[in-house]
Amino acid sequence: MIMLKHLYELLPPEIRKKKRAASLIHIASERNEIFYCAALAGESDFNICINSDMTVSCNCQDFDGSGRIGDLTTQTLEEIFSGPTAHRFRTMLAARTFPISTCINCAERKSMPASEAEAAVSSFHVPRKGIMVENTTLCNLRCHICNREQLMGLRSGALSLSLGNVEKIALLLKEHQIESLYYFNLGEPFLPTDILEQIKIIRRYNPDIRIITSTNGQLLKGNDKIEAALMMDYIIVSLDGVTQETVSRYQIGASFENGYQNMATLVAERNKHNGKTPIIEWKYVVFRWNDQPKYIVRAIELAKKANVDAIGFYRGDVRLADRSLRWHFPYFKRIGKRIRDGIVVNLNDVPEHLLSP
């Protein structure tokens, strides 16, 4: 039985967002607290994104461009962080208002005493822990919640990074000694034919940076793309089901067999070379049609067969009719370790701090 506290989560996303915003503001007011953004303070692991046209967004879910804070074609990263848009966002949060709707559910939104409001606005630095880079906005699939046409309209003619811009970003990473690079966002990172050269450029300037990517796995084949993948540290392969029917229901255009075999081949190639990196996680997004225990058990069996390091289950935040109700049942809580937004089954005893970046 679903508990009353879970009924709120079954409301349509926009209604939930409005209710949550009102609740957050009320609680902050009662506690005499204000909001601040860890990403705009420079403390995020990844939630500053360099887009494919070299614009910069304050979050990894900037589907409508409302989070755009600057442009690296005309500004430095320091200028963007101290610029008028970032300053306005910080000021509004310190006044207990949300500059964009994404702030309401963003993990980077934090609270602090109202007495520290001035510091929340004025204390910041460019990212050091990590940053996200979108090497392309293009994708080979047509997933249901992805408005690809709108996304491509946001980019000013540059739907993929040029090698020149990759080098510019690589130098920026080196200059600021950024520890982790999340090399993906709103497109399929292995779609560009020059992905190997992109990663080589980044590694040339940043040999020790941790590179993480997320892919649908459909294009993860061929010598160049396998070599590029083997130069990374963590790869998430999204495959939302264990049959063609369950996968293609959401990931339109995907082949379960192709994605699974590509993932298994990558593991085999990794093991042939060094057996340590990249860490490979199968990401399984849970919906109404793929959440039955028989599917979950089968997915774990197949993950073990492919010898991936982990399989993570994440609830799909989609329309009510497609949302998993079983996600709230005790069954899911028992299969693995709960993390912030999902449950991960560690299959190869990977050290916990290296899982689910």
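The accessible surface of the protein comes to about 16,500 Å², and carbon and sulfur atoms account for 52% of that. The model is a predicted one. As for what sits under that surface, 51% of the 357 residues count as buried.

The fold is a mix of 13 helices and 13 strands. Its radius of gyration is 21 Å, close to the 21 Å that the globule rule gives for 357 residues, so the protein is as compact as a globular protein of that length. Along the principal axes, the C-alpha atoms fill a box of roughly 55 × 55 × 40 Å. Plenty of the contacts reach across the sequence: taking those between residues at least 6 apart, 71% join residues at least 24 apart. On the charge side, there are 45 positive and 40 negative side chains, with the centres of the two sets 7 Å apart.

Helix 4, spanning residues 84-94, gives a closer look at the packing. Its buried residues are A86, F89, R90, L93 and A94. They cover an arc of only 130° around the axis, which puts them on the same side of helix 4. The spacing fits the usual helix geometry: with 3.6 residues a turn in an α-helix, residues three or four places apart point the same way. The cover over these buried residues includes two strands, strand 1 (33-37) and strand 4 (68-71), along with helix 3 (77-81) and helix 5 (117-122). Just past the end of helix 4 comes R96, where phi turns positive at about 65°.

Note on methods
Residues are numbered from 1 along each chain as its sequence is written. This is a predicted model: local features need pLDDT of at least 70, side-chain atom pairs count only at pLDDT 80 or more; totals for chains, interfaces and linings use all residues. Side-chain values use heavy atoms; hydrogens and water are left out. Helices (H or I, at least four residues) and strands (E, at least two) are DSSP runs, numbered from the N terminus. The radius of gyration is taken over C-alpha atoms; the globule rule is 2.2 Å times the number of residues to the power 0.38. Buried means under 20% relative accessible area, exposed over 50%, partly exposed in between (1.4 Å probe, protein chains only). Contact means heavy atoms within 4.5 Å. Accessible areas come from the Shrake-Rupley method with a 1.4 Å probe; for residues, only the protein chains shown count as cover. Lys and Arg count as positive and Asp and Glu as negative; His and the chain ends are not counted. The place of a charge is taken as NZ of Lys, CZ of Arg, CG of Asp or CD of Glu. The arc is that of the directions from the helix axis to the C-beta atoms.
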